[in-house]
Every structure is written in structure tokens, then in C-alpha cells.
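Please open the structure in your viewer and keep the sequence beside it. This tour suggests what to select at each stop and then says what is there.

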Amino acid sequence: MKINYLKTILLYLITLTIYLLFINIIYYFEIFTFKTIRILNYIFNLIMFFICGYKIASLEPKKGYLKGFIISTILIIIFTLISLIISKITFTSLVYYLSLITSSIIGGILGVTKKER
């Protein structure tokens, strides 16, 4: 069970690394503005948290919302620790993290629902 969480976190981190390399190249060549990049980052993270919640819940038989919450909480703790090192946590970052947790919970609910069919 714990190995499923580690695999999902590793999948997220690998995908995030590839995405960041790609988005840095785009930003370096000034294809998009900084505001557009921020929106793309937000959408990417929402989708990835949804996928992580979906993946972990599809591996477990019940309580997809709880599995989605657990995986998102683990990732949010990692993000929070990095944020504390780099800058301070603001109200907007808390709203951002809450939306990511919600996305993962929805993915978890759909992952269990899909598995039951």
C-alpha cells in the first residue's frame, strides 16, 4: 500500500521535472508571457493532482476521497516545505493548495467509481 503512494509521488515528480524543463525553454525563448506561464503551471498542477488522486484510488478498493486527500496532503507538505525555504506562505498560496487538494479528492472519487463499474 505504501509502495503505491511512493510510485504515485515519483510519477508526479518525474512528470513535474519534465514539464518544468519544457516550460523553462518556452519561457527562455519568450514564447509566452509570465502571466500565461503561471496559468499553465496552475492548470498543469490541477491536472496532475487529479491524475495522482485517480491513480492511487484506482489501486485501492474503497474510500477514494480519502486516498486522494492523503496523496495530495503528502505533495502539499513537500510544496510547503519548499515554499518555506524559498519564500513565505501567503493566503493565495493556501487557496492554491486547497484547490490542488480538491482536485486530487475529485480524482480519487472518480478513480474508485470507475473501478467499481
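**The whole chain**

Begin with the complete protein chain, in which residues 24 or more positions apart account for 75% of the contacts with a separation of 6 or more, where contact means heavy atoms within 4.5 Å. What you are viewing is a predicted model, in which local features need pLDDT of at least 70 and side-chain atom pairs count only at pLDDT 80 or more, while totals for chains, interfaces and linings use all residues. Residues are numbered from 1 along each chain as its sequence is written, and side-chain values use heavy atoms, with hydrogens and water left out.

Switch to a cartoon view, and the protein chain shows four helices and zero strands, which run α-α-α-α from the N terminus on. Helices (H or I, at least four residues) and strands (E, at least two) are DSSP runs, numbered from the N terminus. If you reduce the picture to the C-alpha trace, the protein chain spans about 45 × 30 × 20 Å along its principal axes.

Now turn on the surface: the accessible surface of the protein chain comes to about 7900 Å², and 75% of this belongs to carbon and sulfur atoms. Accessible areas come from the Shrake-Rupley method with a 1.4 Å probe, and for residues only the protein chains shown count as cover. Of the 117 residues in the protein chain, 33% are buried; buried means under 20% relative accessible area, exposed over 50%, and partly exposed in between (1.4 Å probe, protein chains only).

**Helix 1 and its buried residues**

Select residues 2-28, which form helix 1. At 1.5 Å a residue, the 27 residues of helix 1 should span 39 Å, and its end C-alpha atoms are 39 Å apart, which agrees; the expected span is 1.5 Å times one less than the number of residues.

Which residues of helix 1 are buried? They are Asn4, Tyr5, Thr8, Ile9, Tyr12, Leu16, Tyr19, Ile23 and Ile26, and these buried residues pack against helix 2 and helix 3. Pause at Asn4 in helix 1, which counts as buried because its relative accessibility is 17%. Leaving aside its neighbours within four places in sequence, Asn4 is in contact with Ile56, Leu59 and Glu60.

**The nonpolar core**

Next, select Tyr12, Phe49, Leu75, Ile76, Phe79 and Leu100, which have the most contacts inside the largest nonpolar core, a set of 20 residues. A nonpolar core is a set of buried Ala, Val, Leu, Ile, Met, Phe, Trp, Tyr and Cys residues joined through side-chain atoms within 4.5 Å. Helix 1, helix 2 (34-59), helix 3 (64-86) and helix 4 (91-116) each supply at least two residues of this core, and the largest share, seven residues, comes from helix 1.

Centre the view on Phe79, and look for what it touches: not counting residues up to four places away in sequence, these are Tyr12, Asn45, Phe49, Tyr97 and Leu100. Phe79 is also one of the buried residues of helix 3, which include Gly64, Lys67, Leu75 and Ile76. For helix 3, the 23 residues should span 33 Å at 1.5 Å a residue, and the end C-alpha atoms are 33 Å apart, which agrees.

**The loops and a surface patch**

Follow the chain past helix 1 to Glu30, whose phi is positive, near 55°. Most residues other than glycine have a negative phi. Glu30 lies in the loop between helix 1 and helix 2, and counts as exposed because its relative accessibility is 68%. Lys63, in the loop between helix 2 and helix 3, likewise has a positive phi near 55°.

Is Ile31 buried or exposed? Ile31, in the loop between helix 1 and helix 2, is exposed, with a relative accessible area of 55%. Select Ile31 together with Ile25, Tyr28, Phe29, Phe32 and Leu40, and you will see a nonpolar surface patch of about 660 Å². Patches are made of residues with over 30% relative accessible area and no salt bridge, with like charges joined within 9 Å and nonpolar side chains (Val, Leu, Ile, Met, Phe, Trp, Tyr) within 5 Å; a salt bridge is a side-chain nitrogen of Lys or Arg within 4 Å of a carboxyl oxygen of Asp or Glu. Within this patch, Tyr28 belongs to helix 1 and counts as exposed at 63% relative accessibility.
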